[in-house]
Amino acid sequence: MPASFKQLVKNEFIALLELKKSERLWHIPVLASLCVGIPLLIGLFFYRLDYGILASTGGMVILYLPSSASIAQRMITLVVCSFGLAFSFGVSIAASFNPYISALVLGVIAFAAHWVTRYFQMKPPGGFFFVMIAAIASSMQFDFNTIPTRIGLIVMSGMLTCVLAFFYSLYIIKKGKFTQDTTSLVTNPYTKLVESIIIGVVLAISLLASHLLKLEKPYWVPISCAAVMQGISLQHVWQRSIQRILGTFIGLGVAWVLLQLELTALTVCISIMLLQFIVEMLIVRHYGLAVILITPLTLFLAEAGSAMNADPNYLIATRLLDTVIGSVIGLLGGWFLHNQQVRESTERRIRKTRVAIWRRG
């Protein structure tokens with residue numbers, strides 16, 4: 001075995017185990033768990049846990065709170081992102097009546113979410129949660145009469161998150177942990193446009209593939225695909241795909257153990273809040289470790305109510321299969337995304353098309 005290959009394997013193994021340093025305060029994980037947990041507890045109180053679970057996904061917008069910006073910039077960012085989540089959900093659920101249209105809509109949303117977040121150089125999670133909520137909505141049973149209620153739950157959750165973020169911002173100003181910066185724009189729009197097109201096409205294919213394979217929960221495939229494609233390089237995509245599969249495998253084991261317990265609705269809500277806190281503490285330090293807990297977290301959020309009565313063995317097996325399919329598609333999409341020849345060729349075609357349109361006009 002060549003020494004260079006041995007070193008490559010060694011470096012990959014070290015990268016999988018490396019625990020990165022982070023200056024992230026514990027405030028954001030606590031705030032995230034509250035934004036997700038409060039809608040759950042409200043839904044539980046009114047005996048509509050299903051509404052609480054749906055509203056809790058809107059609370060994920062708190063992860064877009066800028067770490068260093070004026071209070072006005074913070075609130076504008078959250079309000080715009082809250083509207084974006086509600087819009088992504090509303091359009092996707094309206095198109096859920098047809099698998100081909102829903103796949104097309106998801107691709108357009110993924111394209112727009114990536115282009116906008118990259119254009120304004122927004123930090124991770126970037127466009128991920130816009131894609132996640134759109135994928136979930138596209139897989140819901142179409143019922144025109146319930147669409148306004150469902151969108152309203154996402155909007156109200158976003159409003160609650162903005163209120164909590166406002167008081168948190170006042171708190172950090174008082175504690176003197178407040179800094180201010182400005183957002184710069186990306187200088188090469190063609191590169192970001194190409195990236196957005198590739199991501200949109202791949203995610204549309206992933207959702208369509210899950211429908212054609214008649215998977216029970218189609219949204220797991222594009223969510224896994226989007227998570228893997230968030231890698232900043234082809235090597236990072238490869239590492240993420242491995243960490244995603246291994247972390248999911250271990251995480252499903254954790255979820256299987258939890259599903260064996262006689263969990264009450266209140267216990268599930270508290271577990272989700274606790275898992276959300278730990279995930280936000282780990283995600284910036286080690287993606288693979290975070291995925292271990294993301295798996296039972298998303299399983300509870302997506303399957304709460306039905307998961308408690310379902311066969312744990314069947315549930316775990318299907319989720320693992322969905323994750324593997326999504327990760328493989330994401331790995332292939334990542335190759336196209338970070339292949340220099342593909343990007344340059346696509347950029348040239350876009351430039352030529354733009355010139356041709358300009359001349360005809």
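Helices (H or I, at least four residues) and strands (E, at least two) are taken here as DSSP runs, numbered from the N terminus. On that basis the protein chain has 14 helices and zero strands, so the order of elements from the N terminus reads simply α-α-α-α-α-α-α-α-α-α-α-α-α-α. The model is a predicted one: local features need pLDDT of at least 70, side-chain atom pairs count only at pLDDT 80 or more, and totals for chains, interfaces and linings use all residues. Residues are numbered from 1 along each chain as its sequence is written, and side-chain values use heavy atoms, with hydrogens and water left out.

Burial comes next. Of the 361 residues of the protein chain, 47% count as buried, where buried means under 20% relative accessible area, exposed over 50%, and partly exposed in between (1.4 Å probe, protein chains only). Helix α9 (residues 220-229) is a neat case: 10 of its 10 residues are buried, so the helix is largely enclosed by the rest of the structure. Among them are W220, P222 and M229.

The largest nonpolar core (a set of buried Ala, Val, Leu, Ile, Met, Phe, Trp, Tyr and Cys residues joined through side-chain atoms within 4.5 Å) has 82 residues, and I62, L65, L78, F129 and I272 touch the most other members. Helix α6 (residues 128-138) supplies the largest share of this core, nine residues. As for L78, leaving aside neighbours within four places in sequence, its contacts (heavy atoms within 4.5 Å) are V61, I62, Y64, L65, T161, C162 and A165. Chain-wide, 80% of the contacts between residues at least 6 apart in sequence join residues at least 24 apart.

Then there are the charges. With a salt bridge defined as a side-chain nitrogen of Lys or Arg within 4 Å of a carboxyl oxygen of Asp or Glu, the count comes to three. R118 pairs with E195, the closest N and O atoms being 3.5 Å apart. This pair links distant parts of the chain, with R118 in helix α5 (residues 99-119) and E195 in helix α8 (residues 189-212), 77 residues apart. R118 is partly exposed at 34% relative accessible area, whereas E195 is buried at 8%. D322 and R319 form another bridge, with closest N and O atoms 3.2 Å apart; being three residues apart in helix α13 (residues 312-338), they are separated by about one helical turn. D322 is buried at 2% relative accessibility, and R319 is buried at 2% as well. R48 and D50 meet at 2.8 Å, N to O; R48 is partly exposed at 35%, and so is D50 at 42%.
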